[in-house]
Amino acid sequence: MVMAKGLIILGTRMLAEEMFDLISEIKDYEVAAFVENMDRSLVGTEIEGRPVVWIDDAVKYARTHAAICALSTTHRRKYVEQAEGLGLKLATVVHPLARVSSRATLAPGCFVSAMCIVSTKTKLGKSVFMNRAATVGHHTTIGDYCTIQPGATVAGAIQLGEDTYVGMRATVIERLKIGRGAVIAAGAEVAEDVPGRVVVMGVPAKVVKR
Ligand SMILES: CC(C)(COP(=O)(O)OP(=O)(O)OC[C@H]1O[C@@H](n2cnc3c(N)ncnc32)[C@H](O)[C@@H]1OP(=O)(O)O)[C@@H](O)C(=O)NCCC(=O)NCCS
């Protein structure tokens, strides 16, 4: 008999429930708890029959469980660093309906949802979140803590800087460089390099906020 791999989910909001649902379809994984770090009033409640525990108390899981973060915002970096500071290790979770090339590499903390594709020789940095049906082409580098929302298409040979957010159904064409912390609006079509820390929107995508 294969022992279940214990997980705890960092987060208690709707995305945490979605991750729980997806993880429940992965053989041998078992979620033990949801972890809160902002609202103490949630501690002692339950989600899906699992306890909500305060981050400091999640340390008791450190030796037996790995953590996965269910935040799709820029707060994910802070939460993951807080958890690691307490000695928690990160899990890498790939839904069985995703297709991830054996030549791709995924750093700890990545979550790849159902129907996603990660192509050959592509690297996902630490705690990258790929939401439903997002795809990333070949020879692309996705920086730490990037979020790629449902149905977004990141082409081949792209460099996506750390903390970048790609909105749902956005498209980034091949060989572009996207600067750290850029936000690509839902539905945008990015056809040229994007500097760091700007919001781009539209077809073709233009900077709308610096
Ligand atoms: C880019 C984004 C972050 C901007 O958010 P924001 O700064 O709060 O912007 P606002 O909602 O105030 O909208 C500002 C303007 O941009 C327009 N706008 C917002 N998002 C847009 C988009 N994706 N494409 C085109 N126009 C957009 C709004 O209609 C508004 O226009 P107006 O000034 O003429 O009224 C956000 O709209 C977005 O695209 N988020 C991604 C959502 C997503 O992928 N969610 C995944 C859920 S699973």
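Which domains does the domain assignment of the chain give? The assignment gives domain 1, covering 5-91, and domain 2, covering 92-198, and I should say at once that what we are looking at is a predicted model.

Let me take the two domains together before turning to the ligand. Their C-alpha centres lie 23 Å apart, and 18 residues of domain 1 are in contact with 26 residues of domain 2. The size of an interface is often given as the accessible area lost when the parts come together; here domain 1 and domain 2 bury about 1,700 Å² between them, with 58% of that on carbon and sulfur atoms. On the domain 1 side, Leu 22, Arg 76 and Arg 77 supply 33% of the area buried against domain 2, which is more than any other three residues.

As for the polar part of this interface, 11 residue pairs are found in polar contact across it, counting pairs with both residues at pLDDT 80 or more, and the salt bridges between the two domains number four. Separately, the side chains of Glu 18 and Arg 132 meet in a salt bridge, with an N to O distance of 2.7 Å.

Now to the ligand, whose surroundings include Asn 131, Gln 149, Tyr 165, Met 168, Ala 186 and Lys 209. By class, this shell has six nonpolar, three polar and one charged residues. A backbone N or O atom of Met 168 lies 2.8 Å from a ligand oxygen, a backbone N or O atom of Ala 186 lies 2.8 Å from a ligand nitrogen, and a polar side-chain atom of Lys 209 lies 2.9 Å from an oxygen atom of the ligand. Taken alone, the ligand exposes 920 Å², of which the protein buries 39%.

Methods. Residues numbered from 1 in each chain as written. Predicted model: local features only at pLDDT ≥ 70, side-chain atom pairs only at ≥ 80, totals over all residues. Heavy atoms only, no water. Near = heavy atom within 4 Å. Polar contact = N/O pair within 3.5 Å; in protein donor to acceptor, adjacent residues only side chain to side chain. Areas by Shrake-Rupley, 256 points an atom, 1.4 Å probe, with all protein chains shown as cover. Nonpolar A, V, L, I, M, F, W, Y, C, P; charged D, E, K, R; others polar. Domains from an automatic or database assignment. Contact = heavy atoms within 4.5 Å. Buried area = accessible area lost by both parts, 1.4 Å probe.
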